[in-house]
Amino acid sequence: LLAGLEKVFGQRDWPPIVMMHLFSLGCLIVTYRLVRLRFPQWVAIAVTACTAMNSWFLELTNEIRDDVPFLFGMLLALYGWERLRVTLGASRDATSSSTQHLAAPLAERVPLDEASSQDHARASQATRLNVGARDLLAPLAILLVGLAVAALMRPTFWILAIAWLVACVWGMVTGPQRKFYAICFALLVAVWLVVMAVDPRVSGFSPLGGGYERDARQAIANVGGKLAENLPAMLGDGLAYGFFGQKWAPGLTQVMNLAA
């Protein structure tokens, strides 16, 4: 991404700086839209404002690193995930409502003349067709773009991909929205295959051949030492700044982090 900016604009400082701030603004917009899907507007505004004022978020916004672009891709993917879930849920509810009416005992059904019954059937069919064709396009496109941006910002994508994989497998096993989880699983695999095939940093289709992946393998080989080093840091500064935007009193910081 930085190489592309340099080829287009030359060796100038302002293009990557502007790009980072646009990614940061995108994070706030998507945060608001994502929270607004499930919560009242005041909650979405409060969460977005707290994100914008988080000291770590502000610091990373002013650094030319992959943290904020990855965050944007992840949030965009989760926004597409949630919109797809809502859309497929609406389709399932419409189908279930129509089926329940037809399956109800005659004495319990709302009386419908023949014309009204035909209108009801046409409306149910139209709802399913509209949801299946038109309303799925935007969530799927958002989800794909978000996953692609996150995947290009390696190596943190591996954490998102593993969590996504576990959630999809669990959802396909337990239900009830197996179709939704199957679609999300297929999209993740498709994006991963494409990125690994075209990304020059991993030497062709060699998913574990990049420098980040070599470092990760070395860290896994020394997992005991890494846990002893990283766990206190996470329960001290890391999670406090990432989740709350601040540290608390000595001792209270660790308690708040464990609660989070």
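Begin by selecting Trp81, Trp164, Phe180 and Tyr181, and show their side chains, for these residues form one aromatic cluster. What you are looking at is a predicted model, and that is worth keeping in mind at every stop of this tour.

**The whole chain**

Now step back and colour the protein chain by secondary structure, which comes to eleven helices and zero strands. If you follow the chain along its sequence, the pattern therefore reads α-α-α-α-α-α-α-α-α-α-α. Of the 260 residues in the protein chain, buried residues make up 30%. If you switch on a surface, the protein chain exposes about 15900 Å², and carbon and sulfur atoms supply 67% of that area. Among the contacts in the protein chain with a separation of 6 or more, 62% are accounted for by residues 24 or more positions apart.

**Helix α7 and its two faces**

Select residues 157–174 next, which make up helix α7. Helix α7 has 18 residues and reaches 25 Å from its first C-alpha to its last, a span that is close to the 26 Å expected at 1.5 Å a residue. Which residues of α7 are buried? They are Phe157, Leu160, Ala161, Trp164, Cys168 and Gly171. These residues cover an arc of only 100° around the axis, which puts them on the same side of α7. Trp164, one of the buried residues of α7, is also a member of the aromatic cluster where the tour began.

Turn the helix over and select Ile159, Ile162, Val166, Trp170 and Val173, the exposed residues carried by the face of α7 that is turned away from its buried side. Just after α7, stop at glycine 175, which takes a positive phi of about 75°.

**A pair of tryptophans**

A pair of aromatic rings is described by the distance of the centres and the angle of the planes. By the rule used for this model, the count comes to nine aromatic pairs. To look at one of them, select tryptophan 158 and tryptophan 192, which form an edge-to-face pair with 6.4 Å from centre to centre and 70° between the planes. Tryptophan 158 lies in α7 and tryptophan 192 in helix α8 (residues 178–198), so the pair ties together parts that are 34 residues apart in sequence. Are these two side chains buried or exposed? Tryptophan 158 is partly exposed, with a relative accessible area of 25%, and tryptophan 192 is partly exposed too, with a value of 26%.

**Helix α2 and serine 24**

Move on to helix α2, residues 14–36, which has 23 residues and reaches 33 Å from its first C-alpha to its last, close to the 33 Å expected at 1.5 Å a residue. Many residues can be highlighted here, since the buried ones of α2 include Pro15, Met19, Met20, Phe23, Ser24, Cys27 and Val35.

Centre the view on serine 24, which lies in helix α2 and is buried, with a relative accessible area of 7%. Not counting residues up to four places away in sequence, serine 24 touches Phe57, Thr61 and Val68. The C-alpha atoms of serine 24 and phenylalanine 57 are separated by 8.4 Å, although the two residues are 33 residues apart along the chain.

**Across to helices α5 and α6**

From serine 24, follow the contact to valine 68, which is found in helix α5 (residues 67–103). At 2% relative accessibility, valine 68 counts as buried. Leaving aside its neighbours within four places in sequence, valine 68 is in contact with Met20, Phe23, Ser24, Cys27, Leu60 and Thr61. Its C-alpha atom is separated by 9.5 Å from that of methionine 153, which is 85 residues away along the chain.

Next select alanine 148, found in helix α6 (residues 114–152). Alanine 148 counts as partly exposed at 26% relative accessibility, and its C-alpha atom is separated by 9.3 Å from that of methionine 74, 74 residues away along the chain.

**The bent helix α10**

For the last stop, select helix α10, residues 223–244, and view it from the side. How far does α10 span between its end C-alpha atoms? A straight helix of 22 residues would span 32 Å at 1.5 Å a residue, whereas α10 spans only 27 Å. Look at methionine 234, where α10 bends by about 60°. Leu235, Gly236 and Ala240 are buried in α10, and the buried residues of this helix pack against α11 (252–259). Just after α10, glycine 245 takes a positive phi of about 80°.

Terms used: Residues are numbered from 1 along each chain as its sequence is written. Side-chain values use heavy atoms; hydrogens and water are left out. Helices (H or I, at least four residues) and strands (E, at least two) are DSSP runs, numbered from the N terminus. The expected span of a helix is 1.5 Å times one less than its number of residues. The bend at a residue is the angle between axes fitted to the seven residues ending there and the seven starting there. Buried means under 20% relative accessible area, exposed over 50%, partly exposed in between (1.4 Å probe, protein chains only). Contact means heavy atoms within 4.5 Å. Rings of Phe, Tyr and Trp (its six-membered ring) pair if their centres lie within 6.5 Å; planes under 30 degrees apart count as stacked, over 60 as edge-to-face and the rest as tilted. The arc is that of the directions from the helix axis to the C-beta atoms. Accessible areas come from the Shrake-Rupley method with a 1.4 Å probe; for residues, only the protein chains shown count as cover.
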